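Here is a guided walk through one protein model, for a reader who has not seen it before. Please keep the sequence and the structure in view while reading.

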Amino acid sequence: MPKEKLISVPGKDYFAYKYREHTQMKHKMLRCYLEKWLIILGKYHSINYFDCFGGCGLYTIDNKTFDPGSPLIAAQIWQDKGNQANNLRMVCIESKKKNLQNLETVFNDYHPNFKKTWFVHDEFDRTVNAILDNIEKSDKILAPSFFFVDPFGFTLKYSTIVRIMSVEKSEVFLNFMYDSVQRHLTNPKVENCMDELFGCEQWRDIRKCTSVKKEQTIIGLYRDQLKKASSFVMPFRVCYPDRKRTIYYLIHLTNNLKGASIMKSCVAETNNGLLSYLGKQKDQSTFFETSGYIEEDLNTLLLKQFSSKKMTFNEILADLIDSTQYLEKDISSAVLKLYARNLASIVRVSSKKPSSKPKENDIIEIY
Ligand SMILES: C[S@@+](CC[C@H](N)C(=O)[O-])C[C@H]1O[C@@H](n2cnc3c(N)ncnc32)[C@H](O)[C@@H]1O
């Protein structure tokens with residue numbers, strides 16, 4: 001990874017990083033999701049936010065105005081919209097001392113009253129495993145927790161992600177550095193690292209793939225591995241702003257259907273309806289098709305996959321949310337249209353009016 005240039009902030013004793021377009025997109029997605037999900041969860045519980053690769057805290061586009069990094073985004077959202085009767089506890093892990101000191105100084109300058117924050121100067125993997133060890137030993141239960149895993153490289157252990165996801169009500173938003181991974185696929189020095197990243201040895205077979213198939217195969221293998229640990233796994237492609245190439249995938253892992261649906265809608269909301277950020281190019285397909293939703297295709301899918309079955313709306317949604325390009329609102333509109341054409345029945349359990357879109361526990365029968 002090239003060394004980041006440190007940009008000094010006038011009148012302050014801290015610095016910022018250059019704010020690149022793909023990082024802005026990453027923050028938009030994160031912000032959109034946290035604004036909805038942290039707030040929903042925090043209504044009833046104290047919650048935890050782990051910024052596992054905390055960064056330096058601040059970014060700038062023009063060296064004059066400054067934008068917050070991920071820990072400050074989470075703190076701001078909680079201060080503006082969180083239920084203050086509960087706590088948001090934040091843990092910011094950063095292995096580079098200079099970055100951690102900067103992050104802490106920026107954080108205290110922006111959020112002097114935010115007391116429940118721990119800044120840990122250490123490696124993500126060691127820190128998170130130590131926290132989980134302690135919780136296991138003490139028989140305590142971890143409060144619902146969001147882990148933002150945003151490294152520069154690919155030294156991530158699959159086993160640690162699996163361990164996080166085995167804790168009830170934990171979820172992960174993970175940056176899978178695809179471009180670095182594909183460049184090092186044939187590097188013998190990082191074989192162990194790749195084994196740890198994928199949690200298997202099958203990535204070796206991908207070395208023979210042609211470049212067209214390579215991307216889908218790499219992300220497909222990683223997703224299949226993650227699916228063993230998480231009910232819903234959604235990779236969203238992020239390209240270099242100025243090149244027709246993927247830089248990374250942001251992957252959301254959750255065991256909560258509502259969480260998966262909200263994240264998917266957030267990605268579409270921040271990318272003009274697409275489930276990926278394509279930079280200046282607009283013409284490539286992704287893990288999810290980027291062409292937007294085609295109503296007739298969804299109708300055909302619903303009729304093919306669910307006909308003669310009685311299912312709740314949530315069961316249909318759970319089947320489709322991370323395996324197709326459709327959003328919850330697309331699926332509920334399509335079911336309502338089938339109902340209007342007498343191709344489906346809806347028993348209203350969660351929705352009220354006969355004309356409203358079906359939701360949650362409504363029982364759907366597609367003929
Ligand atoms: C992409 S930046 C994080 C940016 C931050 N999440 C944000 O959005 O504002 C990655 C950071 O992880 C730090 N880092 C690298 N390896 C690490 C490790 N093993 N554990 C914790 N931090 C690490 C780097 O020093 C760098 O500051």
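The paragraphs below take up the domains, the sheets, the core, the ligand and one loop residue.

The model is a predicted one. Its protein chain is divided into domain 1, residues 7–277, and domain 2, residues 295–366. Taken over C-alpha atoms, the centres of the two domains are separated by 32 Å. Where they touch, 10 residues of domain 1 are in contact with eight residues of domain 2. On the domain 1 side, the elements that give two or more residues are strand S10 and helix H9, residues 257–270. H9 gives the most to that side, with six residues. By class, the residues of this side of domain 1 divide into seven nonpolar, two polar and one charged.

Two sheets can be followed next. One is an open sheet of four strands with mixed pairing, in the order S1-S2-S4-S5. Its edge strands, S1 (7–8) and S5 (67–68), each pair on one side only. S1 pairs with strand S2, residues 15–18, in the antiparallel sense over two bridges. Within that pairing, Phe15 in S2 is the bridge partner of Ser8.

The other is an open sheet of eight strands, again with mixed pairing, and the order is S7-S6-S3-S8-S9-S11-S10-S12. Here the edges are strand S7 (117–121) and strand S12 (276–277), each of which pairs on one side only. Strand S8, residues 145–149, and strand S9, residues 170–176, run parallel and are joined by five bridges. Phe147 stands opposite Val172 of S9 in this pair. S9 also pairs with S11, in the antiparallel sense and over five bridges, and there Phe176 stands opposite Tyr249 of S11.

S11 in turn is joined to strand S10, residues 232–239, by eight bridges, and these two strands run antiparallel. S10 and S11 form a hairpin with six residues between them. Across the hairpin, Val238 stands opposite Tyr248 in S11. How many residues of strand S11 are buried? Nine of the nine residues of S11, which spans 246–254, are buried, so the strand is largely enclosed by the rest of the structure.

Several of these strand residues return in the core. The largest nonpolar core has 100 residues, and those that touch the most other members are Cys52, Val149, Val172, Val238, Tyr249 and Ile251. Helix H1, residues 21–42, supplies the largest share of this core, eight residues. Both domain 1 and domain 2 give residues to the core, so it lies between them. In soluble globular proteins, nonpolar side chains tend to be buried together. Val172 shows the contacts of one core member: leaving aside its neighbours within four places in sequence, Val172 is in contact with Phe147, Val149, Ile161, Ile164, Met165 and Leu253.

The ligand is surrounded by 15 residues, of which Phe53, Gly55, Gly69, Ser70 and Lys96 are the closest. By class, this shell has five nonpolar, five polar and five charged residues.

A last stop is Cys200, in the loop between helix H7 (191–198) and helix H8 (211–227). Why does Cys200 count as partly exposed? Cys200 has 15 C-beta neighbours inside 10 Å, and a residue is called buried at 20 or more and exposed at 12 or fewer, so the count falls in between. The C-alpha atom of Cys200 is separated by 9.5 Å from that of Tyr222, which is 22 residues apart from Cys200 along the chain.

Key. Residues are numbered from 1 along each chain as its sequence is written. This is a predicted model: local features need pLDDT of at least 70, side-chain atom pairs count only at pLDDT 80 or more; totals for chains, interfaces and linings use all residues. Two strands pair if DSSP finds at least two bridges between them. A residue is near a molecule or strand if its C-beta atom, placed from the backbone, lies within 6 Å of it. Ala, Val, Leu, Ile, Met, Phe, Trp, Tyr, Cys and Pro count as nonpolar, Asp, Glu, Lys and Arg as charged, and the others, Gly among them, as polar. A nonpolar core is a set of buried Ala, Val, Leu, Ile, Met, Phe, Trp, Tyr and Cys residues joined through C-beta atoms within 7 Å. Domain bounds come from an automatic or database domain assignment. Two residues are in contact if their C-beta atoms, placed from the backbone, lie within 7 Å.
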